[in-house]
Amino acid sequence: MPDLFSPYTLKGVTLRNRIVMSPMTMYNSVDGKLDDYHVSYLGARAAGGFALVFGEQMAITPDGRTTTSCAGIWSDEQVEGHARVVAMIRRMGAVAAIQLGHTGRKGSELPPHRGVNADRTKKQLPPDHPDGWTCVAPSAIPYGGGGHTYPVHALTVDEIRSLHRSYADAAVRARDAGYQWLELHFAHGYLGASFFSPLANQRTDQYGGSVANRARFLLEALDAVRAVWPEHCPLTMRLGCDDLHPQGTQFEDSLLAIRMMKEHGLDLADLSLGFNTDQMVNPPMNQPGFMVERAHRVRRELGIPVAASWNLGVPREADRVIREELIDLVMLGRPALANPHWPIWAARELNHPSPFSLVQDDWRWWLENFRGHAPSIGWPPVAPVAPGAPEVAVTTPPAS
Ligand SMILES: Cc1cc2nc3c(=O)[nH]c(=O)nc-3n(C[C@H](O)[C@H](O)[C@H](O)COP(=O)(O)O)c2cc1C
């Protein structure tokens with residue numbers, strides 16, 4: 001039976017455990033480049049025991065960013081920064097993963113820590129602002145929620161083809177930078193998710209209408225990347241599989257789309273929400289592990305490996321979903337931000353025989369052989385869990 005610390009092999013890549021640092025946009029780039037900030041921040045998570053480390057959604061074109069402070073891989077000049085990050089993640093024993101995406105109608109924003117709307121939603125900048133631009137979308141329908149009301153441009157078929165070439169070019173750069181795992185971002189209201197959602201996509205051509213037509217943009221992006229991405233390296237995608245809205249993406253449609261993607265060479269499905277509207281019915285944001293049930297259905301019904309995030313940061317819960325073979329990989333977002341050593345901490349909480357086996361051999365040797373006064377080196381005794389203690393603290397969700 002696998003557990004949270006069991007190795008995992010997909011294609012030609014083996015992860016040292018099942019714990020993944022989920023992609024998180026950091027708003028810390030100049031000209032879309034990665035620099036010392038990313039080497040340090042992502043290297044720390046690799047050093048902390050995460051097996052697979054994602055940076056953030058990397059834009060395939062400049063207008064595919066969330067803000068002008070976000071990172072990308074649309075130019076050859078950006079490859080060097082990525083290669084430095086990849087080298088550090090590898091040196092710390094983890095596998096480096098990249099998420100490629102385009103923000104579509106959720107771009108042209110201000111970083112949330114620099115100002116949000118009165119209702120605490122992200123602030124969109126007008127197209128004529130120095131840090132703004134006209135967003136693109138399947139149809140000329142702005143996102144609407146959270147002040148995203150500026151007109152958007154409906155992509156022509158030629159522009160769609162050009163974007164698919166940008167996906168492929170970005171994948172070639174990712175390969176050259178040394179990444180071994182590539183995920184396409186088709187969730188969270190960004191371009192892929194909006195093509196799949198009837199709330200955003202009201203096209204009447206081959207890209208709109210039926211499930212197959214709404215999945216076409218996603219499948220063509222997958223095909224374009226599959227053609228250039230090394231066969232032995234996993235190619236995965238994160239799907240916004242449910243808009244939690246009667247007129248939005250329905251989970252049953254997502255099952256059909258993932259089946260098609262599997263036939264087109266998808267290696268693993270990472271399940272998340274659609275976020276194509278703020279008007280969600282009963283959003284489950286405070287529920288522990290709320291994506292696991294849907295992810296498990298994909299695994300069981302389609303026979304494809306799956307990953308899920310959302311409120312899986314309680315070690316017992318993360319371990320359980322792997323032991324019960326509900327999902328294959330646990331993705332951690334906010335827990336990875338909060339604690340770069342989450343895997344080591346979890347190992348200790350779960351009475352792993354050797355939590356320090358998760359870090360580099362040199363540190364491990366000292367920490368296992370030279371403990372001294374354990375509490376003084378930041379290794380206090382494990383606090384017993386009180387009977388009936390709540391499993392998960394209630395948090396407010398990000399919608400990135
Ligand atoms: C600051 C921040 C930035 C995020 N950026 C991205 C992103 O670039 N791509 C993505 O797919 N998800 C993004 N997410 C979502 C996370 O990857 C993750 O799915 C979500 O936070 C739920 O996992 P958690 O409950 O462990 O935090 C972001 C989340 C946070 C907190």
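A residue counts as buried if 20 or more other C-beta atoms lie within 10 Å of its own. Keep that cut-off in mind on this tour. The model is a predicted one.

**Stop 1: β12**

Select β12, residues 329-332. Which of its residues are buried on one side, and which on the other? L329 and M331 are buried on one side. V330 and L332 are buried on the other. Both faces of the strand are therefore covered, by the cut-off above. In a regular strand the side chains alternate between the two faces of the sheet.

**Stop 2: the neighbours of β12**

Add β11, residues 306-308. β11 and β12 run parallel and are joined by two bridges. Pick A307: its bridge partner in β12 is L329. Now pick A308, whose partner in β12 is V330.

Next, add β3, residues 19-21. It pairs with β12 in the parallel sense, over three bridges. Show M21 and look across to β12: L332 stands opposite.

**Stop 3: the whole barrel**

Colour the strands β3, β4, β5, β8, β9, β10, β11 and β12, in that order. They form a closed barrel of eight strands, with parallel pairing. From one strand to the next, the twist averages 25°.

**Stop 4: the core**

Which residues have the most contacts inside the largest nonpolar core? They are V20, V53 and V330. That core has 102 residues. Select V20 and show what it touches, leaving out residues up to four places away in sequence. The list includes F50, A51 and L52. A307 is on it too. So are L329, V330, M331 and L332, the residues of β12 seen at the start.

**Stop 5: α10**

Go to helix α10, residues 342-349. Its buried residues are W342, P343, I344, A346 and A347. What do they pack against? Their partners are β3, α8 (315-323), β12 and α9 (334-338). Step past the helix to N351. Its phi is positive, near 55°.

**Stop 6: β8**

Move to β8, residues 181-186. How many of its six residues are buried? Six of the six are, and the strand is described as mostly covered. W181, E183 and H185 point one way. L182, L184 and F186 point the other way.

Look at the pairing on either strand partner. β5 joins β8 in the parallel sense through four bridges. There, I98 stands opposite L182. β9 also runs parallel to β8, with five bridges between them. H185 has R238 as its bridge partner in β9.

**Stop 7: helices over the sheet**

Select α3, residues 157-177. This helix lies across β5 (95-101) and β8, and runs at about 165° to β5. Then select α5, residues 211-226. It packs on the sheet, touching β8 and β9 (235-240). The direction of α5 makes about 160° with that of β8.

**Stop 8: α5 and α6**

Two packed helices are described by the angle between their axes and the distance between the axes. Keep α5 and add α6, residues 251-263. Their axes come within 10 Å and cross at roughly 35°. The crossing is right-handed.

Show the side chains at the contact. From α5 come V211, A215, L218, L219 and L222. From α6 come D253, L256, A257, M260 and M261. By class, the contact has nine nonpolar residues, no polar ones and one charged one.

**Stop 9: two loop residues**

Find A71, in the loop between β4 (52-59) and α2 (79-91). Is A71 buried or exposed? It counts as buried because 27 C-beta neighbours lie inside 10 Å. A71 touches S29, G32, L34, G55, E56 and M58, residues up to four places away in sequence not counted. Now measure to M21, 50 residues apart from A71 along the chain: 17 Å separates the C-alpha atoms.

Last, find P284, in the loop between β10 (268-272) and α7 (292-302). It has 15 C-beta neighbours inside 10 Å, so P284 counts as partly exposed. W310 is 26 residues apart from P284 in sequence. In space, their C-alpha atoms are 9.8 Å apart.

Conventions
Residues numbered from 1 in each chain as written. Predicted model: local features only at pLDDT ≥ 70, side-chain atom pairs only at ≥ 80, totals over all residues. Buried ≥ 20, exposed ≤ 12 C-beta atoms within 10 Å, placed from the backbone. Contact = placed C-beta atoms within 7 Å. Pairing = 2+ DSSP bridges. Axes fitted to C-alpha atoms, helices over the stretch in contact; angles between N-to-C directions. Left-handed = near helix turned anticlockwise from the far one by under 90°. Nonpolar A, V, L, I, M, F, W, Y, C, P; charged D, E, K, R; others polar. Core = buried A, V, L, I, M, F, W, Y, C linked by C-beta atoms within 7 Å.
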